Amino acid sequence: MRLVILGGPGAGKGTQAQLLCSNLSIPLLAVGDILREAIADDTELGKLAVSYVETGELVPDPIMIEFFRRRLLLWDVFNGWVLEGYPRTAFQAEELDFLLSDLAQEIDWAIWLKVPTEVLLSRSLERDRSDDSPEILQRRLDLYREQTVPILDYYEYRNKLLTVNGDRPPEEVQQDILKVVNS
Ligand code: AMP
């Protein structure tokens, strides 16, 4: 099963992705965490990404695409994955499809956690992360609206979009997702 989780900052992407991974026994590729870890470890990827992550900007596409080109070749993701935080733009969605078609793979579902903006804002402000300060958060919300929302059209056109009301307790959201992906 190959799943993509879409939603704004604070939509519950991380929580739902983790639950899906344990319920479906597939690995999680959480791009924000991968980038933060790479920065903490000062790896090659971390050095390239640090200035963007610290300001809430998207890391440039060539860096992300190259990362996935290498990552999706590793054995642990051969049978499927849940991807969280990628793609974040329609361009990344298309690039991901190109890459997957090279690997003779296909996404099963793009799951959109639909949550009102006020809820995204209040949930994110409750977290205590350095890239969740009010100014950076506003920038992340703007980027979400401008760049991520067009991805929904991309997947809908390909009949891959699964829209879920994310403004509910996490277990309920998860059950809704499982009903569809397991059917
Ligand atoms: P997240 O924890 O998913 O909100 O991501 C934290 C930060 O990582 C973002 O503000 C971006 O700087 C960077 N990032 C995460 N995903 C991507 C992506 N798909 N493309 C570019 N940058 C990303």
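Me: What makes E44 and K47 of α3 count as exposed rather than buried?

Reply: In this predicted model, E44 and K47 lie on the other side of α3 and are exposed, a word that stands for over 50% relative accessible area, whereas buried means under 20% and partly exposed is in between, with a 1.4 Å probe and protein chains only. Residues are numbered from 1 along each chain as its sequence is written, and local features need pLDDT of at least 70, side-chain atom pairs count only at pLDDT 80 or more, while totals for chains, interfaces and linings use all residues. Side-chain values use heavy atoms, with hydrogens and water left out.

Me: How do you know that the buried residues of α3 line one face of the helix?

Reply: The buried residues in helix α3 (residues 44–53) are L45, G46, A49 and V53. Seen down the axis of α3, they fall within an arc of 85 degrees, so they line one face of the helix; the arc is that of the directions from the helix axis to the C-beta atoms.

Me: What covers the buried residues of α3?

Reply: The cover includes α2 (31–40) and α4 (61–71), where contact means heavy atoms within 4.5 Å.

Me: Why does the radius of gyration of the chain agree with a compact globule?

Reply: The rule, taken over C-alpha atoms, is 2.2 Å times the number of residues to the power 0.38; for 183 residues a compact globule would have a value near 16 Å, and the chain has 16 Å, so the two agree.

Me: How many helices and strands does the chain have?

Reply: There are 8 helices and 5 strands, counted as DSSP runs numbered from the N terminus (helices H or I, at least four residues; strands E, at least two).
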